[in-house]
Amino acid sequence: RGKFEINVATRAFLAREPGIVVGGKRIAGRSKGRIPVFDPASGLPIAEVVDAVTEDVNDAVERAHAAFRDGRWRNKTPAERERILFRFAELIEKNGEALAQLETLEQGKSIHLSRLFASAGSAEWLRYAAGLTTKVEGRTMDLSMPPGPDRWTAYTRRAPVGVVAGIVPWNFPMAIATWKFAPALAAGCSVVLKPSEFTPLSALWLAELALEAGLPDDVLNVVTGTGQGAGSALVSHRLIRKITFTGSTATGKAIARAALENMVPIGLELGGKNPAVVLADADLEVTVPGLMGGGFFNQGQVCAAASRIYVEEAIHDQLVEALADAIKSLPVGAGMDPAAQVTPLVSREHKTKVTRYLDDAKAKAKVIAGAQVPEGDGYFVSPHIVIAPADNVALKREEVFGPVIAIQKVGSRDEAIALANDTDMGLAASVWTQNLKAAMTLTRQLDAGTVWVNTHSFIDPALPFGGIKQSGLGREFGTDWVNAYTELKSICISH
Ligand code: NAD
């Protein structure tokens, strides 16, 4: 690939025969089906993965279940499990550059973002979850109605749920895979993970690093395949005791229905249509780069991306002008090009979807295009700003998941809040102002799982993240993260 030399380890990984990680090693599996993986910058195939069939999924789940039953992982002391997970995080860091390049090659994002979110990010999140391994606690309590107060002891303990199914989308394949297996492993569960068919490679590598770190066989399994095939077989398997899913709201609903069938608890991290409210006193030196990041980083393929901006009249024109200037001058190129900021979208299908939303907007509203992108076979889409789209513009309400933001002038804060909250989604929102009182008021008024002030899309392992309304169920990260992979057991002793 021209002047961007690919890491030797990444190249070697790409050259391997397709396989799934089940039973403590990479195996061919039973399926003869294969799925090609494309480099979004060129549109050329870079590898193939197994299109796992139901039998492959069943093998993985049954092995994970047997490992859970015999206790080879959950019966290790919390300190032993913690040490293995820390070693796993170290191996991710050691292989950081090779993994980051793999993320860029299969997903398209800038190599800088891959280093930050894929390799370094995954290691940090894994370490946070690993640290919780030794902090899982039950409680003792005084009973309300004991038959004999002095002779009764009651307490709760947290037990790992069993086999966890993790389903991962394509926008941050390494980090989100980690967000699925890390808390589950910390709790003592076994895991079967299915990455997206568009970005399946890094999860396979992670599972092999886990084995190298000392995770027992069968505890972390990865099956590759489609949503309708391997994904659906996995979430409906009767031995699954928890499903953790990140992806679209439509798929989340299908998974929730499958979970209900087996009465399985679910964690759902779904789509967003996230507003940013910009007040007249906002500092544009902070707001413009902040919204550029919030709206366009990873080409807007971010669940929390700022996609609707409501700005007070006094600074509307100034903000639009500044953002229009900023998107025009962004350097374009393959993710492997360290100078590139406009990099390709993940897939041909996704480029078609985003282009369709843009064509609809161009026919009905004023649209400002950013940097010119190459015509060729890469999946490039220029960043765009849509001015005050009317109700008949589809992207006004629907998640585009691409490099496009809509900007609308508002006459008052109340109008901004009403518009911002007028959505079925509720993942994230941001407020831009120098007035602390206004900021605090708006953080309470905005309906979202996360509200940022003078920043957007910042996440951290210590800060719970998740959506309200149709953006999801439950939270990831924070000190309760691992508890979500446990069942509370009540113990009552008469003595
Ligand atoms: P998607 O829903 O199309 O696919 C996600 C995963 O689900 C893939 O692995 C897919 O194969 C699998 N899948 C599809 N149908 C399935 C089924 N019936 N049963 C089991 N698995 C199935 O989502 P995507 O296009 O990969 O990702 C983009 C979406 O993810 C966006 O809507 C985005 O907002 C959302 N997302 C949310 C968060 C969050 O934290 N809330 C983070 C990242 C992405």
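Me: Which helix gives the largest share of the shell around the ligand?

Reply: That is α8, with five residues, a helix here being a DSSP run of H or I of at least four residues and a strand a run of E of at least two, numbered from the N terminus. The model is a predicted one, in which local features need pLDDT of at least 70 and side-chain atom pairs count only at pLDDT 80 or more, while totals for chains, interfaces and linings use all residues. Residues are numbered from 1 along each chain as its sequence is written.

Me: What makes a residue part of the shell around the ligand?

Reply: Its C-beta atom, placed from the backbone, must lie within 6 Å of the molecule. In this model 30 residues surround the ligand, the closest being Pro 169, Gly 227, Gly 231, Gly 247 and Cys 303. The elements that give two or more residues are α8 (227–235) and α9 (249–262).

Me: Why are α4 and α7 called roughly antiparallel?

Reply: The axes of α4 (residues 96–107) and α7 (residues 201–213) cross at roughly 160 degrees and come within 9 Å, where axes are lines fitted to C-alpha atoms over the stretch in contact, and angles run from 0 to 180 degrees between N-to-C directions. Angles under 35 degrees count as roughly parallel, over 145 as roughly antiparallel, 65 to 115 as roughly perpendicular and the rest as oblique, and α4 and α7 are therefore roughly antiparallel.

Me: How do you know that the buried residues of α13 line one face of the helix?

Reply: Ala 416, Ile 417 and Ala 420 are the buried residues of α13 (residues 413–421), buried meaning 20 or more other C-beta atoms within 10 Å of a residue's own, against 12 or fewer for exposed and in between for partly exposed, with C-beta atoms placed from the backbone. Seen down the axis of α13, they fall within an arc of 95 degrees, so they line one face, the arc being that of the directions from the helix axis to the C-beta atoms.
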